[in-house]
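User: I'm new to reading protein models. Could you help me see where some of the labels come from?

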Amino acid sequence: MATENSSDDVQDSSAAAGPPSGHIVIQTEKELPVVTPDIHNVSVKIKRANDFYNDFAGIEEQPSNGEIILWHIYSLCSYFVHTVLVPIIFPLIVSQIVTDITLTPPEEGCSTKAWELYQRLIHRSITVNSYSFTPLEWTAISWATGIFLATPILGFISRPLDHGRSHNLIFGGATVIGALFCLPSGAFKVKWIFPPYIAAIVAASMVSNASHTRHFGVMVRGLARPTTYESHRQFPQRRSVGSWLSLHATAVGCLGGGIISAFTYRMLHHKEKFLSLWVVSIFSGLKWIVGSAHAFSVNRGGSPRMLYVLGQLCVKPVFMLFLWLTYFIFPLFSLPLLHPLQQFVKTDALRMQLLGFFISATTSGLGFYYRHANWRHPHILTMVAVQSTATGILHAFGRVLLLDCTPPGKEGAFSVWFAWARAVGACGGFAVASVFPGAVNKSFAFTFATSLAGVLALIFGNISNYGGAVAAGHVMQDSSEKGSPVRGLDRDSDQYGSVVLDTKV
């Protein structure tokens, strides 16, 4: 028995040839008939129809608890790459290659070892033709090279990520390649070997971050499945789910950064710092490679004194450890507490981004204003804690805002350019700080100007979190009066073709 059809052409063709008994024929105007084997189980028939509906409507399967946990574990294993490994560990490793360095007398309050460590970082010991570079500048150049190499790769993988093809291979492959380049970084004690190593790590990190962000968007779509088509109820649910996931993942990532920074501090106590820091790089690679499990498991003595990074204040090494731990541990508490506050005041990702920029502008403005003052330890720790919260807010809600404005099925294309822009910004900030070592006023001024530029871009850039979600199709109007969104299942299906269901056994 065949279902009633509104297309005479399909009825005529059915009468002339007729589908084989016990088969289902799906025919449209511009497609040839597709014959599928008979389905005897009613539940399988319903599932197939549901799959057609979900594919058309862009509804994702809800992620399991294990998938969410593994997604957070990858943040734990990868967040430190662009916050500790590249900007801190590699400049320290490169600085230990310097042999012929003339040390100036240490400043008051600094030990000889602390002053030597700082001098090695800012000494122009790398010569290329007639140009000389410091280890910090050499790292910045290598970082920029990695971004340059990753740009065409990101453009190439955006479409496969959108369609979900080879997502696991891209995600896991980039993670494994980047992690493996951490292992031999100290095998050759020469300056020229580090640019390809750092560039490969940066490029792999950008690709894996793009895949990780795209997976975040797919999970949000699955968790925020609309129970109603009323926009004022649907969007707050998506906003809550997206911010909760991103905030906690960033907090977990800060924990991973704190572990690596503490290990780096411990290894600096050894006499042979080059080999000790190489061990840190190896451990970083092993930790990063643990994150690849996420990609393949889901379908979708006398302690040396160390100089403070600004180059204008000498502190004990244990306080340097406190600074690192404060920067990465404080967001573990501050970021999760922001989520209930955000739900209470009902703010979206755009306003949380503005909050992050305002906090960053406040800390950098205060630092610039009091640049000549004698800072005490509580002042420094407070500034570090507040700035780490601002960085976490910008990181967490930046991708929430991105995915809210991303059409379903296009998470890959949007995520690759988000990863590219994020890497360019991080590299640019590091490069500015490297070019002006010891000039804290310039670093604070640049940060303040960048924060204000971000605020102006969000306010006057015609950016709307809710408007972007509506334009992207995440907020749908009630379509109950428009018939089924699947072609061929409503009464007005003449222009699309018809569906003939033959249920004979």
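Analyst: Happy to help; let's go through the labels step by step. Keep in mind that this is a predicted model.

User: Why is Cys77 called buried?

Analyst: Its relative accessible area is 5%. Buried means under 20%, so Cys77 earns the label.

User: What makes Cys405 partly exposed?

Analyst: Cys405 has a relative accessible area of 26%. Partly exposed covers the range between 20% and 50%, so 26% fits that label. As for cysteine pairing, the structure holds zero disulfides.

User: How many aromatic pairs does a search of the whole structure find?

Analyst: The search finds 13 aromatic pairs. One of them joins Phe90 and Phe194.

User: Why is the pair of Phe90 and Phe194 called edge-to-face?

Analyst: The angle between their planes is 75°, and planes over 60 degrees apart count as edge-to-face. Their centres are 6.5 Å apart, which satisfies the limit of within 6.5 Å for a pair. Both residues are buried.

User: Which parts does the pair of Phe90 and Phe194 tie together?

Analyst: Phe90 lies in helix H4 (residues 85-95) and Phe194 lies in helix H8 (residues 194-223), so the pair ties together parts that are 104 residues apart in sequence.

User: What makes Tyr369 and Tyr370 an edge-to-face pair?

Analyst: The centres of Tyr369 and Tyr370 are 4.9 Å apart, with 85° between the planes. That distance is within 6.5 Å and that angle is over 60 degrees, so the label follows.

User: Are Tyr369 and Tyr370 exposed or partly exposed?

Analyst: Tyr369 has 61% relative accessibility, so this residue counts as exposed, the cut-off being over 50%. Tyr370, at 43%, counts as partly exposed.

User: How do you know that the charged end of Arg399 sits over the ring of Phe216?

Analyst: The distance to the ring centre is 5.6 Å, and the limit is within 6 Å. The direction must also be within 35 degrees of the ring normal. Lys189 likewise lies over the face of Phe274, at 5.0 Å from the ring centre.

User: Which residues touch the most other members of the largest nonpolar core?

Analyst: Leu85, Phe194, Ile201 and Trp288 do, in a core of 54 residues. Among the helices that each supply at least two residues of this core are H4 and H8. A second, separate core of 28 residues includes Trp71, Met219, Leu247 and Val400.

Notes: Residues numbered from 1 in each chain as written. Predicted model: local features only at pLDDT ≥ 70, side-chain atom pairs only at ≥ 80, totals over all residues. Heavy atoms only, no water. Disulfide = S-S within 2.5 Å. Buried < 20%, exposed > 50% of the residue type's maximum accessible area, 1.4 Å probe, protein only. Phe/Tyr/Trp six-rings, centres within 6.5 Å; stacked < 30°, edge-to-face > 60°. Helix = DSSP H or I, 4+ residues; strand = E, 2+ residues; numbered from the N terminus. Core = buried A, V, L, I, M, F, W, Y, C linked by side-chain atoms within 4.5 Å.
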